[in-house]
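Me: I'm new to this one and would like a close look at a single part of it. Could you pick a spot and walk me through what surrounds it?

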Amino acid sequence: MRAAWTNRAAVGVLVVVAVFYAYGAAVHVANMLGWTGFDWRHAPLKWKALDVVYLVLDVIVAAGLWRAARSAVVAFCVA
């Protein structure tokens, strides 16, 4: 009985973390579209590049954690 509870709790934690990473990805998209008041067109190239990199990593982590894929762990460690 305890193993089933632990498994459900672990899955719940992974889903919550995946939702937070999905929110982070949405924030990066909003920055790129200028919806947050951040003028992305005039931002330094380094900021633009990091916004794109972190968007990709956030999407990989969110989707991977949601599907319980091993690639999510690697992307999580990189992010």
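Reply: Let's start with D58, in what is a predicted model. D58 is buried, yet this residue has no salt bridge. Look for a partner of opposite charge and the nearest such side chain is R67, 17 Å away. In general, side chains of opposite charge can pair when their charged atoms come close. A salt bridge here needs a side-chain nitrogen within 4 Å of a carboxyl oxygen, so at 17 Å R67 is no partner for D58.

So what does D58 touch, leaving aside residues up to four places away in sequence? The contacts are Y21, G24, A25 and H28. D58 itself belongs to helix α2, which covers residues 45-67.

For contrast, have a look at the pair that does meet. The structure holds one salt bridge, and its partners are the side chains of D39 and R41, at 3.7 Å from N to O. How buried or exposed are these two? D39 is partly exposed, at 36% relative accessibility, while R41 is exposed, with a relative accessible area of 65%.

Now back to α2, since there is a nonpolar side to the story. The largest nonpolar core has eight residues: A18, Y21, L57, V61, A62, L65, A72 and A75. Helices α1 (2-33), α2 and α3 (71-78) each give two or more residues to this core, and α2 gives the most, with four. As a general background, nonpolar side chains tend to be buried together in soluble globular proteins. You may recognise Y21 in that list, as Y21 is also one of the residues that D58 touches.

V61 is a good one to click on next. Not counting residues up to four places away in sequence, V61 touches Y21, A72, A75 and F76.

That takes us to how α2 and α3 sit against each other. Their axes are 8 Å apart and the two helices pack at an angle of about 145°, with α2 passing α3 in a left-handed crossing. On the α2 side the contacts come from L57, I60, V61, G64 and L65, and on the α3 side from S71, A72, A75, F76 and V78.

Finish with S71, a residue of helix α3. S71 is partly exposed, with a relative accessible area of 44%. Between S71 and V61, which lie ten residues apart along the chain, the C-alpha atoms are separated by 7.8 Å.

Methods. Residues numbered from 1 in each chain as written. Predicted model: local features only at pLDDT ≥ 70, side-chain atom pairs only at ≥ 80, totals over all residues. Heavy atoms only, no water. Buried < 20%, exposed > 50% of the residue type's maximum accessible area, 1.4 Å probe, protein only. Lys, Arg positive; Asp, Glu negative; His and termini not counted. Contact = heavy atoms within 4.5 Å. Core = buried A, V, L, I, M, F, W, Y, C linked by side-chain atoms within 4.5 Å. Axes fitted to C-alpha atoms, helices over the stretch in contact; angles between N-to-C directions. Left-handed = near helix turned anticlockwise from the far one by under 90°.
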